[in-house]
Amino acid sequence: MDGIVQVLALLQEGNGYLTTKESRKNGITNKTMQRMAESKLIDRAAHGLYIGADIFPDQFFIAQYRCPKGIFSNETSLFLHDLSDRNPFRLMMTIPTGWNTKLLTDENYLFFYCNPQRMKLGVCEVETPFGMTVKSFNVEWTLCDCLKNIDKLDRDLVLSAWKRYAKSNGKDITKLLEYAATLKIRDMVYRYLEVLV
């Protein structure tokens, strides 16, 4: 019984989530976690990740747990930064070139590859609609990335995000142009800015 109370306390501390690594660190056996899941006191959200039975699963947080080197990008990042109102059909993540994940074959995800050094540019933490923190590219990097990948994305969604950004008070044109130069799309970004700003 003490193990159950401890698990529930740890779940509360972790906003409803608990990893088996964290539970072991606190002296809770895998058997206790499995029994609690069988009794429907907790649910298994992913391999090594449990969630409180009363918590609605956060697809963004779970995806990042399953793909820790992934950074939310493109349409998913637009959604997380409130530049799109449409909940993503597929979660889009950027992963380092040459890195592999079991999720590559999952049709609920779309992956983009990036040089590991370049992936460090523009990374930030954002809050999901469920209040969890995940890694995403910042607004300016995301907009440039979306332009670069526009043929693989929903063109109307990307253009709408650019219009929203152009009207926002928090835009950073200098940073936007720096990222555009890094991604070799500076002329393209200038054309969009001339029309929108």
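## A predicted chain, from one buried aspartate outward

Asp-145 sits in helix α6, which spans residues 139-148. The model is predicted. Is Asp-145 buried or exposed, and which side chain of opposite charge is nearest? Asp-145 is buried, and the nearest such side chain is that of Lys-148, 6.4 Å away. A salt bridge needs a side-chain nitrogen of Lys or Arg within 4 Å of a carboxyl oxygen of Asp or Glu. Asp-145 has no salt bridge. Leaving out residues up to four places away in sequence, Asp-145 touches Ser-73, Asn-74, Thr-94 and Leu-183.

**The chain as a whole**

The chain has 197 residues, and 45% of them count as buried. It holds nine helices and eight strands. Its C-alpha atoms fill a box of roughly 65 × 35 × 25 Å along the principal axes. Take the contacts between residues at least 6 apart in sequence: 54% of them join residues at least 24 apart.

**Helix α8**

Helix α8 covers residues 173-182. Which of its residues are buried? They are Leu-176, Leu-177, Tyr-179 and Ala-180. These four lie on the same side of α8, because they cover an arc of only 160° around the axis. A general rule helps here. An α-helix has 3.6 residues a turn, so residues three or four places apart point the same way.

What covers the buried residues of α8? The cover includes α6, α7 (155-167) and α9 (186-196). So the helix of Asp-145, α6, appears again, as part of the cover over α8. After α8 comes Lys-184, with a positive phi near 60°.

**An open sheet of three strands**

Three strands form an open sheet in the order β1-β3-β2, with antiparallel pairing. Why do β1 and β2 each have one side without a neighbour in the sheet? β1 (17-19) and β2 (42-46) stand at the edges, each with a single partner strand, so one side of each is left free of a neighbour in the sheet. Neighbouring strands of this sheet are turned by 35° against each other on average, direction ignored. Within the β2 and β3 pair, Arg-44 stands opposite Tyr-50 in β3. Helix α1 (residues 2-13) lies across β1, β2 and β3 and runs at about 115° to β1.

**Strand β5 and its partners**

Strand β5 runs over residues 91-96. How many of its residues are buried? Six of its six are, and the strand is mostly covered. β5 pairs with β4 in the antiparallel sense, but with β6 in the parallel sense. Strands of a sheet pair through backbone hydrogen bonds, either parallel or antiparallel. In the β4 pairing, Phe-72 stands opposite Met-93 of β5. In the β6 pairing, Leu-110 is the bridge partner of Met-92.

The table sets out three strand pairs.

| Strand pair | Sense | Bridges |
|---|---|---|
| β2 and β3 (residues 49-52) | antiparallel | four bridges |
| β4 (residues 71-72) and β5 | antiparallel | two bridges |
| β5 and β6 (residues 109-114) | parallel | six bridges |

**Thr-133 in strand β8**

Thr-133 belongs to strand β8, residues 133-137. Its relative accessibility is 44%, so Thr-133 counts as partly exposed. Which residues does Thr-133 contact, its neighbours within four places in sequence aside? They are Phe-61, Glu-125 and Val-126. Thr-133 and Leu-8 are 125 residues apart along the chain, and their C-alpha atoms are separated by 21 Å.

Notes:
Residues are numbered from 1 along each chain as its sequence is written. This is a predicted model: local features need pLDDT of at least 70, side-chain atom pairs count only at pLDDT 80 or more; totals for chains, interfaces and linings use all residues. Side-chain values use heavy atoms; hydrogens and water are left out. Buried means under 20% relative accessible area, exposed over 50%, partly exposed in between (1.4 Å probe, protein chains only). Lys and Arg count as positive and Asp and Glu as negative; His and the chain ends are not counted. Contact means heavy atoms within 4.5 Å. The arc is that of the directions from the helix axis to the C-beta atoms. Two strands pair if DSSP finds at least two bridges between them. Axes are lines fitted to C-alpha atoms, for helices over the stretch in contact, and angles run from 0 to 180 degrees between N-to-C directions.
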